[in-house]
Amino acid sequence: MTNHTHRFRTTLLARIASIGILLALYGCGGSDDPSPSTQFTLSGQVNRSSTFTRTDLQAFPPTTQSQGPVPGSFTGVSLWTLLTDANGGGDLTTNPQVKNDSLRKYVVVMGSDGTQAVVAVGEIHPNFGNQPDLVAYDVNGQPLDNDGFAQLVVPRDQSGGRYVANLVRLEVRGSTAPQVSLGGGIAPQFTLSGDIKHSGTFTPADLQKLPTVTQNVTFRAGQNTVTGSFTGVSPWTFLTDANGGGGITTNPQVQNDSLRKYVVATGSDGYQVVVALSEIDPQFGNQPDVIAFAFNGGSLGQDGLTRLVVPGDTFGGRYVSNLVSLEVLDSDTSP
Ligand SMILES: Nc1nc2c(c(=O)[nH]1)N[C@H]1C(S)=C(S)[C@@H](COP(=O)(O)O)O[C@H]1N2
Ligand SMILES: [Mo]
């Protein structure tokens, strides 16, 4: 080895070392880089805004999830418990004047590196989606370490995009406005609007230009149990297909795009629910929701011309009938 080469290598090593130090200082790159969080705040539509440390999280009954897209056995507190518990948790705000008010809410989960994901409250509500999402503080019996003191765990997602590490903030949002009566009755069409390339109005005839799907479902409505088959289009197809909205990116390289978005479905009576876009994104929740125009091969009757169908939910609260609006919103830009 000549001196020249040796000097070059030394310089190179020094540079690599200094880049390493810079990366360590600024925490650039993926979720395994430094700047681990040691606490997060829970705020927004909760009666108890507060800060949570590892010790605070350990005060809740622990729950463990070992299945899911990210390997490991995660232990933490159920996201539902954290948001709703009236003692240690957020004690989620609900307006009793608004039917199923909690279904209009969603939580924005934020990491120290700016990663952000939406979970709909309906998604984790035990009566509706009942998803076992966790705020984990241990993996395989050890603290998360580089993923911060706490990480969101969404065990039933297809991939790990919503496993936001280094949690710094959980914010509950949604409309607190009383249900506006839009008059009710049979809505002839619904409007697609918001963060979508092709806004417009849609009738069942428009939906029939898209591939149709049929889902056999059972859901509870009060004391009744409804069983039957709904036919319509998948809302994911509707939002991404050129014959529908066509405006949600499906590029797998920018998969985090959809994680910040949610859909507000409104009925002709002003009844409103939120579905996280990641719930219906095949890469994440992959839920088989339907924008239905037929029930058991016939009309929807007094449920109107179109109805949202959420087969994964136990109760029918998110089965918004007489759809008048589907709005795609971004948690970054619309509070
Ligand atoms: N537009 C509208 N859709 C709605 C509701 C409502 O009040 N308005 N109630 C929801 C609730 S709480 C339930 S349980 C189901 C009832 O479904 P069913 O009318 O088929 O029994 O509809 C859901 N869809
Ligand atoms: Mo209901």
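1. A residue counts here as near a molecule if one of its heavy atoms lies within 4 Å of that molecule. The model under discussion is a predicted one, and on this criterion 15 residues surround ligand 1, of which Lys99, Asp269, Arg307, Tyr319 and Ser321 come nearest.

2. Three of the polar approaches to ligand 1 can be set out side by side. A nitrogen atom of the ligand stands 2.6 Å from an N or O atom in the side chain of Asp269, whereas with Tyr319 the partner is a polar backbone atom, at 2.8 Å from a ligand nitrogen. For Ser321 the backbone again supplies the N or O atom, which is placed 3.0 Å from a nitrogen atom of ligand 1. Taken on its own, ligand 1 has 530 Å² of accessible area, and the protein covers 76% of this.

3. As to the setting of the ligand, the space that ligand 1 takes is the largest pocket. Its shell is made up, by class, of 5 nonpolar, 5 polar and 5 charged residues, and strand S13, which spans residues 213–221, gives the most to that shell, with 3 residues.

4. A separate point concerns Ser159, which belongs to the loop running between strand S9 (151–153) and strand S10 (167–174). Although Ser159 and Gln283 are 124 residues apart along the chain, their C-alpha atoms are separated by 6.2 Å, and a polar atom of the Ser159 side chain lies 2.7 Å from the backbone oxygen of Gln283.

Key
Residues are numbered from 1 along each chain as its sequence is written. Chains are lettered from A and ligands numbered from 1 in the order in which they are written. This is a predicted model: local features need pLDDT of at least 70, side-chain atom pairs count only at pLDDT 80 or more; totals for chains, interfaces and linings use all residues. Side-chain values use heavy atoms; hydrogens and water are left out. A polar contact is a pair of N or O atoms within 3.5 Å; within protein, one must be able to donate a hydrogen and the other to accept it, and residues adjacent in sequence count only if both atoms are side-chain atoms. Accessible areas come from the Shrake-Rupley method with a 1.4 Å probe; for residues, only the protein chains shown count as cover. On a 1 Å grid over the protein atoms alone, a cavity is a set of points where a 1.4 Å probe fits but cannot get out, and a pocket is an open set with protein on both sides within 12 Å along at least five of seven lines; lining residues have an atom within 4 Å of a point. A molecule sits in a cavity or pocket if more than half of its atoms lie within 2 Å of its grid points. Helices (H or I, at least four residues) and strands (E, at least two) are DSSP runs, numbered from the N terminus. Ala, Val, Leu, Ile, Met, Phe, Trp, Tyr, Cys and Pro count as nonpolar, Asp, Glu, Lys and Arg as charged, and the others, Gly among them, as polar.
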